[in-house]
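Student: I would like to take a close look at one part of this protein, namely its nonpolar core. Could you go through that part with me slowly, and then lead me outward to the loops and the pocket?

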Amino acid sequence: MITLTLPYPPTVNHYWGTAGKRRYIKPDGIKFRNAVIAIVLQNKANKKLSERVMVEIKAYMPDRRKRDLDNINKAIFDALIHSGVILDDEQIDVLHSERKEVIKGGRIELSISKLGA
């Protein structure tokens, strides 16, 4: 099992942008992705898992604004792929997301388990 504590991700609208037909990562997305890469390397979690996995997300919101819980998943999954934790988010067969209490700045507590292990 891999467990990580990550910063709270930017929303999809602040993570990706488009220029014509080209899709790119905005500065907030790059900052989040780089932070996740550093955390993954520090925790030696860059396992490049290729098996089917279960992901559990505990989302500690940064404030009391209304937010869609599922809006954070894509940024997290993108960062996990680029940091070498998993090969593709297609591997995720079980996903459990839970909204937790508000904490200053927010954070994500994440665990990834191989299925059948």
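Tutor: What follows moves from the core to the loops and then to the pocket. Please keep in mind from the start that this is a predicted model, and that the values below are computed from it.

Let us begin with the core. The largest nonpolar core has 31 residues, and the members that touch the most other members are Leu-4, Ile-76, Leu-80, Ile-108, Leu-110 and Ile-112. At least two residues of this core come from each of the elements β1 (2-7), α2, β4 (53-60), α3 (73-82) and β6 (107-114), and among the contributors it is α3 that gives the most, with 5 residues. To see what such a position looks like from the inside, choose Leu-110 and set aside its neighbours within four places in sequence: Leu-110 is then in contact with Ile-2, Thr-3, Leu-4 and Leu-6, with Val-55, Glu-56 and Ile-57, and also with Ile-76 and Leu-80.

Now turn to the loops, beginning with the one between α2 and β4, where Lys-44 is found and where Lys-48 is found as well. Lys-44 has a positive phi of about 50° although it is not a glycine, and for Lys-48, also a residue other than glycine, phi is positive and near 50°. Are these side chains buried or exposed? Exposed means over 50% relative accessible area; Lys-44 therefore counts as exposed, with a value of 61%, and Lys-48 is likewise exposed, at 55%.

Gln-91, which lies in the loop between α3 and β5 (92-100), has a relative accessible area of 4% and is therefore buried, since buried means under 20%. The side chain of Gln-91 reaches the backbone oxygen of Leu-49 at 2.8 Å. Apart from neighbours within four places in sequence, the residues in contact with Gln-91 are Leu-49, Ser-50, Glu-51, Arg-52, Val-53 and Ile-86.

Finally, consider the largest pocket, which holds about 420 Å³ of space. Its lining is made up of 18 residues, and those nearest the centre of the pocket are Tyr-8, Pro-9, Pro-10, Thr-11 and Arg-67. Helix α2 (residues 27-42) gives the most to this lining, with 4 residues, and α2 is also one of the elements that supply at least two residues of the core described above. Sorted by kind, the lining of the pocket has 8 nonpolar, 3 polar and 7 charged residues.

Terms used:
Residues are numbered from 1 along each chain as its sequence is written. This is a predicted model: local features need pLDDT of at least 70, side-chain atom pairs count only at pLDDT 80 or more; totals for chains, interfaces and linings use all residues. Side-chain values use heavy atoms; hydrogens and water are left out. On a 1 Å grid over the protein atoms alone, a cavity is a set of points where a 1.4 Å probe fits but cannot get out, and a pocket is an open set with protein on both sides within 12 Å along at least five of seven lines; lining residues have an atom within 4 Å of a point. Grid points are joined across faces, edges and corners, and a volume is the space filled by probe spheres set on the points. Ala, Val, Leu, Ile, Met, Phe, Trp, Tyr, Cys and Pro count as nonpolar, Asp, Glu, Lys and Arg as charged, and the others, Gly among them, as polar. A nonpolar core is a set of buried Ala, Val, Leu, Ile, Met, Phe, Trp, Tyr and Cys residues joined through side-chain atoms within 4.5 Å. Buried means under 20% relative accessible area, exposed over 50%, partly exposed in between (1.4 Å probe, protein chains only). Contact means heavy atoms within 4.5 Å. A polar contact is a pair of N or O atoms within 3.5 Å; within protein, one must be able to donate a hydrogen and the other to accept it, and residues adjacent in sequence count only if both atoms are side-chain atoms.
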